Every structure is written in structure tokens, then in C-alpha cells.
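Here are a few exercises to work through with the model open in your viewer. Try each task yourself before reading its solution.

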Amino acid sequence: MENISAKYLSLKEGIFYFNRRVPKDLRSHYSYSLRTRSRAVALVRASGASVKLDVYWYHLRS
């Protein structure tokens, strides 16, 4: 499994959120709750979300 940096995580009122910069040509608001207070769980969920976004963006650009 890919090791994801915590740079994609933000903490708001004790809940972790996944935030990732969106390329200009695909820009829209991509921020959603990971629905956890656990940093370890948040890292795993953010990793999965990051991979899904990469695949989705790849197909949009193809």
C-alpha cells in the first residue's frame, strides 16, 4: 500500500478531513470528511482517496 504524507490531512473540531490540491484543468471543491478521529485510520482512508482521485483524473484527461 502507498504510504501517504499527512500533508493531505487537516483536523477540524477533532475530525480528520482529506484535502488535496486539484489541478487547474480539473478544479472543483474536493474536500470531505474522513469520518474519524483516529490519525491512523485517517491516513489509510486518505491514501485510498488519493489513489482514486489519481485514477479518476487520469481518465478525465485521456
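**Exercise 1: the overall layout**

In what order do the elements of the protein run from the N terminus on?

Solution. Keep in mind that this is a predicted model. Start with the tally: the secondary structure comes to 1 helix and 3 strands. Next, walk along the chain from the N terminus, and the order reads β-β-β-α. For an overview of the surface, the protein exposes about 4,700 Å², with 53% of that supplied by carbon and sulfur atoms. Of its 62 residues, 27% count as buried. Finally, take the contacts with a separation of 6 or more: 44% of them are between residues 24 or more positions apart.

**Exercise 2: the hairpin**

Work out how strand 1 is joined to strand 2, and look at the turn between them.

Solution. First, find the direction: strand 1 (residues 9-12) and strand 2 run antiparallel, joined by 4 bridges. Second, pick out partners: Leu9 has Phe18 as its bridge partner in strand 2, and Leu11 has Phe16. Third, inspect the turn. The two strands form a hairpin with 2 residues between them, and Glu13 in the turn has a positive phi of about 55°. Gly14 also belongs to the loop between strand 1 and strand 2.

**Exercise 3: two faces of a strand**

Sort the side chains of strand 2 (residues 15-19) by the face they point to.

Solution. Take alternate residues. Phe16 and Phe18 point to one face and are buried. Ile15, Tyr17 and Asn19 point to the other face and are not buried. Now look at the ring of Tyr17: the charged end of Lys12 sits over it, 6.0 Å from its centre. If you also search for aromatic pairs, the count comes to 0.

**Exercise 4: the nonpolar core**

Which residues make up the largest nonpolar core, and which element gives the most to it?

Solution. List the members: Tyr8, Leu9, Phe16, Phe18, Leu34, Ala42, Ala46, Ala49, Leu53 and Trp57, 10 residues in all. Then assign them to elements: strand 2 and helix 1 are those that give two or more residues. Helix 1 gives the most, with 5 residues.

**Exercise 5: two loops that meet**

Is Thr36 buried or exposed, and which residues does it contact beyond its sequence neighbours?

Solution. Begin with its place: Thr36 is in the loop between strand 3 (31-33) and helix 1 (39-61). The cut-off for buried is under 20% relative accessible area. Thr36 has 10%, so it counts as buried. Leaving aside neighbours within four places in sequence, its contacts are Gly14, Ile15, Phe16, Val41, Ala42 and Arg45.

Now approach from the Gly14 side. Gly14 has a relative accessibility of 27%, so it counts as partly exposed. With neighbours within four places again left out, Gly14 is in contact with Thr36 and Arg37. To finish, compare sequence and space: Gly14 and Arg37 are 23 residues apart in sequence, while their C-alpha atoms are 5.9 Å apart.

Notes:
Residues numbered from 1 in each chain as written. Predicted model: local features only at pLDDT ≥ 70, side-chain atom pairs only at ≥ 80, totals over all residues. Heavy atoms only, no water. Buried < 20%, exposed > 50% of the residue type's maximum accessible area, 1.4 Å probe, protein only. Contact = heavy atoms within 4.5 Å. Pairing = 2+ DSSP bridges. Phe/Tyr/Trp six-rings, centres within 6.5 Å; stacked < 30°, edge-to-face > 60°. Lys NZ or Arg CZ within 6 Å of the ring centre and 35° of its normal. Areas by Shrake-Rupley, 256 points an atom, 1.4 Å probe, with all protein chains shown as cover. Core = buried A, V, L, I, M, F, W, Y, C linked by side-chain atoms within 4.5 Å.
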